[in-house]
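Trainee: I would like to go through how the helices pack in this model. Where should we begin?

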Amino acid sequence: MRNLEEYIVLAKEVEHSPLNEVFDLVFNIIEKYTGPEKNHKAKVMGWKTSYKEGLATEHKIRQKLLLMIGGVAQELKVIK
């Protein structure tokens, strides 16, 4: 994430795009901006599985994904 505008666009996509596309988008962000040692992919896969098994609502998963990309943006000093 290079700047605040990129973060805002990404957050809007997470809120409004079909959930399968959102998972792909978040995986791409993780790959691009965080290292494998962060275990972000494993968390997202767990959330995806929970959603598919009906253990979590779409709204809850979107909230978790937004929090995760917010955390990435904070690490990159895009937001404070």
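Mentor: Begin with the crossing of H1 and H2, which is left-handed. Keep in mind that the model is predicted.

Trainee: How are H1 and H2 oriented to each other, roughly parallel or roughly antiparallel?

Mentor: The axes of H1 and H2 come within 9 Å and cross at roughly 150°. Angles over 145 degrees count as roughly antiparallel. The two helices, H1 and H2, are therefore roughly antiparallel.

Trainee: How do the residues of the contact of H1 with H2 divide into nonpolar, polar and charged?

Mentor: On the H1 side, Glu6, Leu10, Glu13 and Val14 take part, and they meet Val22, Leu25, Val26, Ile29, Lys32 and Tyr33 in H2. The residues of this contact divide into seven nonpolar, no polar and three charged.

Trainee: What is the orientation of H1 to H4, roughly parallel or roughly antiparallel?

Mentor: H1 covers residues 4–16 and H4 covers residues 58–75; their axes come within 9 Å and cross at roughly 165°. That angle makes H1 and H4 roughly antiparallel.

Trainee: What is the handedness of the crossing where H1 passes H4, and which residues meet there?

Mentor: Tyr7, Leu10, Ala11, Val14, Glu15 and His16 in H1 meet Arg62, Leu65, Leu66, Ile69, Gly70 and Ala73 in H4. The residues of this contact divide into eight nonpolar, two polar and two charged. As for the handedness, H1 passes H4 in a crossing that is right-handed.

Trainee: How far apart are the end C-alpha atoms of H4, set against the span expected at 1.5 Å a residue?

Mentor: H4 has 18 residues, and at 1.5 Å a residue they should span 26 Å. The model agrees with this, because the end C-alpha atoms of H4 are 26 Å apart.

Trainee: Which residues of H4 are buried, and what covers them?

Mentor: The buried residues of H4 are Ile61, Arg62, Leu65, Met68, Ile69, Gly70, Val72 and Ala73. What covers them includes H1, helix H2 (19–33) and helix H3 (40–52).

Trainee: Is His40 buried or exposed?

Mentor: His40 has its place in helix H3. Leaving out residues up to four places away in sequence, His40 touches Ile30, Thr34, Met68 and Val72. Its relative accessible area is 12%, and buried means under 20%. His40 is therefore buried.

Trainee: Which residue with a positive phi follows H4?

Mentor: The phi in question is near 65°. The residue that follows H4 with this positive value is Lys77.

Notes:
Residues are numbered from 1 along each chain as its sequence is written. This is a predicted model: local features need pLDDT of at least 70, side-chain atom pairs count only at pLDDT 80 or more; totals for chains, interfaces and linings use all residues. Side-chain values use heavy atoms; hydrogens and water are left out. Axes are lines fitted to C-alpha atoms, for helices over the stretch in contact, and angles run from 0 to 180 degrees between N-to-C directions. Helices (H or I, at least four residues) and strands (E, at least two) are DSSP runs, numbered from the N terminus. Angles under 35 degrees count as roughly parallel, over 145 as roughly antiparallel, 65 to 115 as roughly perpendicular and the rest as oblique. A crossing is left-handed if the near helix is turned anticlockwise from the far one by less than a right angle, and right-handed if clockwise. Contact means heavy atoms within 4.5 Å. Ala, Val, Leu, Ile, Met, Phe, Trp, Tyr, Cys and Pro count as nonpolar, Asp, Glu, Lys and Arg as charged, and the others, Gly among them, as polar. The expected span of a helix is 1.5 Å times one less than its number of residues. Buried means under 20% relative accessible area, exposed over 50%, partly exposed in between (1.4 Å probe, protein chains only).
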